[in-house]
Each structure stands twice: as C-alpha cells, then as structure tokens.
Amino acid sequence: MHEKAYRSVAKTISWRTVGTLDTMIVSYFVTGNLIMAASIGSIEVVTKMVLYYYHERVWNKLKFGLYKPTENDYQI
C-alpha cells in the first residue's frame, strides 16, 4: 500500500501547524518576546514542511514495516 503525494502534503501541513505552535510557545518561554517567537515560528514552518514532505516520500518507498495482506487476513 502506497500513499499518494497529496496525502503526504496534507499530513505535512497538519503536522507543521501543530509543530509550529509548539515552537512558538517554547520560543516565547525562552525569549519572553512574542515578536521573536513568531519570527522563529514563521521561519521554521517553511523549512520543516519541506523536510517533512521529502522524509515522508522516502519512507513511502521503503518496504520496512509493510506487508501485503493475504486472502486469509481479515480486519475487525
């Protein structure tokens, strides 16, 4: 089973939204400066979305941890 590229894009965007909020909150606690925290978050959101997308595409090509269900397999 393989993912389509648009699924990787959707996962990238949803994960980066959560990750960027986390980065901005941590940055605010470390710096005490909301502008600095927003700056850090806005820079890392772009770089990490690109990295995550390619990370997902590489993992999609690996067979590690995947199996092909047989006719006898069933799901509950």
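**Entry 1: the end of helix 1**

Which residue follows helix 1, and what is the sign of its phi? I looked just past the end of the helix. Gly32 comes next, and its phi is positive, near 70 degrees. I note here that this is a predicted model.

**Entry 2: the two helices**

I checked the span of helix 1. This helix runs over residues 5-31. It has 27 residues, and 37 Å separate its first C-alpha from its last. That is close to the 39 Å expected at 1.5 Å a residue.

Then I turned to helix 2, which covers residues 34-61. Its 28 residues should span 40 Å at 1.5 Å a residue. I found its end C-alpha atoms 40 Å apart, so the two values agree.

Where is helix 2 kinked? The kink is centred on Val45 and comes to about 25 degrees.

**Entry 3: what is buried**

I listed the buried residues of helix 1. They are Ser8, Thr12, Arg16, Gly19, Thr20, Thr23 and Ser27. What do they pack against? They pack against helix 2.

I did the same for helix 2. Here Ala37, Gly41, Glu44, Tyr52, Glu56 and Asn60 are buried. These residues pack against helix 1. I noticed charged residues in both lists: Arg16 is buried in helix 1, and Glu44 and Glu56 are buried in helix 2.

**Entry 4: a close look at Thr20**

I picked one buried residue to follow. Thr20 lies in helix 1. Its relative accessible area is 9%; buried means under 20%, so Thr20 counts as buried. Which residues does Thr20 touch, leaving out those up to four places away in sequence? I found Gly41, Glu44 and Val45. Two of these names came up before: Val45 is the centre of the kink in helix 2, and Glu44 is a buried residue of helix 2.

**Entry 5: counting salt bridges**

Side chains of opposite charge can pair when their charged atoms come close. I asked how many salt bridges there are. The count is three. I took them in turn.

The first on my list joins Lys11 and Glu56. Their closest N and O atoms are 3.1 Å apart. Lys11 is in helix 1 and Glu56 in helix 2, so the pair ties together parts that are 45 residues apart in sequence. Is each partner buried or exposed, or in between? Lys11 is partly exposed, at 26% relative accessibility. Glu56 is buried, at 12%.

Next I looked at Glu44 and Arg16. Their closest N and O atoms are 2.8 Å apart. Glu44 belongs to helix 2 and Arg16 to helix 1, so this pair ties together parts 28 residues apart in sequence. Glu44 has a relative accessible area of 8% and is buried. Arg16 is buried too, at 7% relative accessibility.

Last came Glu44 and Lys48. Their side chains meet in a salt bridge of 3.5 Å, N to O. Both are in helix 2, four residues apart, so about one helical turn separates them. Lys48 is partly exposed, with a relative accessible area of 38%.

I saw that Glu44 takes part in the bridge with Arg16 and in the bridge with Lys48. Arg16, Glu44 and Lys48 are thus linked in a network of salt bridges.

**Entry 6: back to Lys11**

I went back to Lys11 for its surroundings. What does Lys11 touch, not counting residues up to four places away in sequence? It touches Glu3, Tyr52 and Glu56. Glu56 is its salt-bridge partner. Tyr52 is one of the buried residues of helix 2. I also checked Met49, which is 38 residues from Lys11 along the chain. The C-alpha atoms of Lys11 and Met49 are separated by 9.7 Å.

**Entry 7: a nonpolar patch**

Which residues form a nonpolar patch on the surface? I wrote down Leu21, Ile25, Tyr28, Phe29 and Leu34. Together they have about 570 Å² of accessible area. Helix 1 gives the most to this patch, with four residues.

I checked one member, Leu21, which lies in helix 1. Leu21 is partly exposed, with a relative accessible area of 48%. Patch members need over 30% relative accessible area, so Leu21 passes that cut-off. Thr20, its neighbour in my notes, is buried at 9%.

Definitions and conventions: Residues are numbered from 1 along each chain as its sequence is written. This is a predicted model: local features need pLDDT of at least 70, side-chain atom pairs count only at pLDDT 80 or more; totals for chains, interfaces and linings use all residues. Side-chain values use heavy atoms; hydrogens and water are left out. A salt bridge is a side-chain nitrogen of Lys or Arg within 4 Å of a carboxyl oxygen of Asp or Glu. Helices (H or I, at least four residues) and strands (E, at least two) are DSSP runs, numbered from the N terminus. Buried means under 20% relative accessible area, exposed over 50%, partly exposed in between (1.4 Å probe, protein chains only). Contact means heavy atoms within 4.5 Å. The expected span of a helix is 1.5 Å times one less than its number of residues. Patches are made of residues with over 30% relative accessible area and no salt bridge: like charges are joined within 9 Å, nonpolar side chains (Val, Leu, Ile, Met, Phe, Trp, Tyr) within 5 Å. Accessible areas come from the Shrake-Rupley method with a 1.4 Å probe; for residues, only the protein chains shown count as cover. The bend at a residue is the angle between axes fitted to the seven residues ending there and the seven starting there.
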